[in-house]
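Me: I am new to this structure and would like to understand the terms used to describe it. Please show it to me first, and then let me ask about the reasons behind each term.

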Amino acid sequence: MKYAILVYETEQDFCDRDKHMPAYSAYSQALAEAGVAAGGAALHPSHAATTLRLRNGQRNVQDGPYADTKEQLGGFFIIDVPDLDTALDWASRCPAASNCAVEVRPLLPTNPA
């Protein structure tokens, strides 16, 4: 089953990204070497986001993230593992787990075209 490991970071973490990159590189390498890596990406800080809502058929576009919070989505890893317990084991190894937050969410299966 595929799971998303969503990495939430503070604004300071974004500013210190170069300092944290070796830990994330090692984590990514461990996922790949274990054969569970299925995708992922780092994201730009939340101020670079644009939020879109459709209201009565009209686009409502807002600069910035959907939610104004202390921690923001900084990136994600997609893993393919047998169960939630295994996904949580991998999530606990994510560098952000020790000082911010890591959310684990199962992916819905896609319908093949």
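What follows is a set of questions and replies about how the terms apply here.

Me: How do you know how far the model can be trusted, and where is confidence lowest and highest?
Reply: This is a predicted model, in which local features need pLDDT of at least 70, side-chain atom pairs count only at pLDDT 80 or more, and totals for chains, interfaces and linings use all residues. Residues are numbered from 1 along each chain as its sequence is written, and side-chain values use heavy atoms, with hydrogens and water left out. The pLDDT is the predictor's confidence in each residue, from 0 to 100, and its mean for the protein is 89, with 96% of the residues reaching 70 or more. Confidence is lowest in helix α1 (residues 11-15), at a mean of 80, and highest in α3, at 96.

Me: What makes a stretch a helix or a strand, and how many of them are in the protein?
Reply: Helices (H or I, at least four residues) and strands (E, at least two) are DSSP runs, numbered from the N terminus. The protein has three helices and six strands, and from the N terminus on the elements run β-α-α-β-β-β-β-α-β.

Me: Why is E9 called buried, and why is N56 called exposed?
Reply: Buried means under 20% relative accessible area, exposed over 50%, and partly exposed in between (1.4 Å probe, protein chains only). E9 has a relative accessible area of 5%, so E9 is buried, whereas N56, at 80%, counts as exposed. N56 lies in the loop between β3 (50-55) and β4 (58-63), and this residue has a positive phi of about 55° although it is not a glycine. In the protein as a whole, 28% of the 113 residues count as buried.

Me: What makes a group of residues a nonpolar core, and which residues have the most contacts inside the largest one?
Reply: A nonpolar core is a set of buried Ala, Val, Leu, Ile, Met, Phe, Trp, Tyr and Cys residues joined through side-chain atoms within 4.5 Å. The largest such core has 17 residues, and those with the most contacts inside it are F77, I79 and W90. The elements that give two or more residues to this core are β1 (2-10), α2 (17-33), β5 (71-80) and α3 (84-92), and the largest share, four residues, comes from α2.

Me: With what is W90 in contact, and what does contact mean?
Reply: Contact means heavy atoms within 4.5 Å. Leaving aside its neighbours within four places in sequence, W90 is in contact with I5, Y27, A30, L31, A34, V36, I79 and V81.

Me: How do you know on which side of α3 the buried residues lie?
Reply: In α3, A87, W90 and A91 are buried. The arc, which is that of the directions from the helix axis to the C-beta atoms, is only 100° for these residues, and therefore they lie on the same side of α3. On the other side of α3, D85, D89 and S92 are exposed. What covers the buried residues of α3 includes β1, α2, β5 and β6 (101-106).

Me: Why is C15 in no disulfide, and why is C94 in none?
Reply: A disulfide is a pair of cysteine sulfur atoms within 2.5 Å. For C15 the nearest cysteine sulfur, that of C100, is 12 Å away, and C15 is in no disulfide. The sulfur of C94 is 9.6 Å from the closest cysteine sulfur, in C100, which is too far for a bond. By this rule the count comes to zero disulfides. As for their surroundings, C15 is exposed, with a relative accessible area of 57%, while C94, at 2%, counts as buried.

Me: What makes the pairing of R17 and E9 a salt bridge, and how many salt bridges are found?
Reply: A salt bridge is a side-chain nitrogen of Lys or Arg within 4 Å of a carboxyl oxygen of Asp or Glu. The side chains of R17 and E9 meet at 3.4 Å, N to O, and the pair is a salt bridge. A search of the whole structure finds two salt bridges, and R105 and E103 also meet in one, at 2.5 Å, N to O. R105 is partly exposed, with a relative accessible area of 44%, and E103 is partly exposed as well, at 25%.
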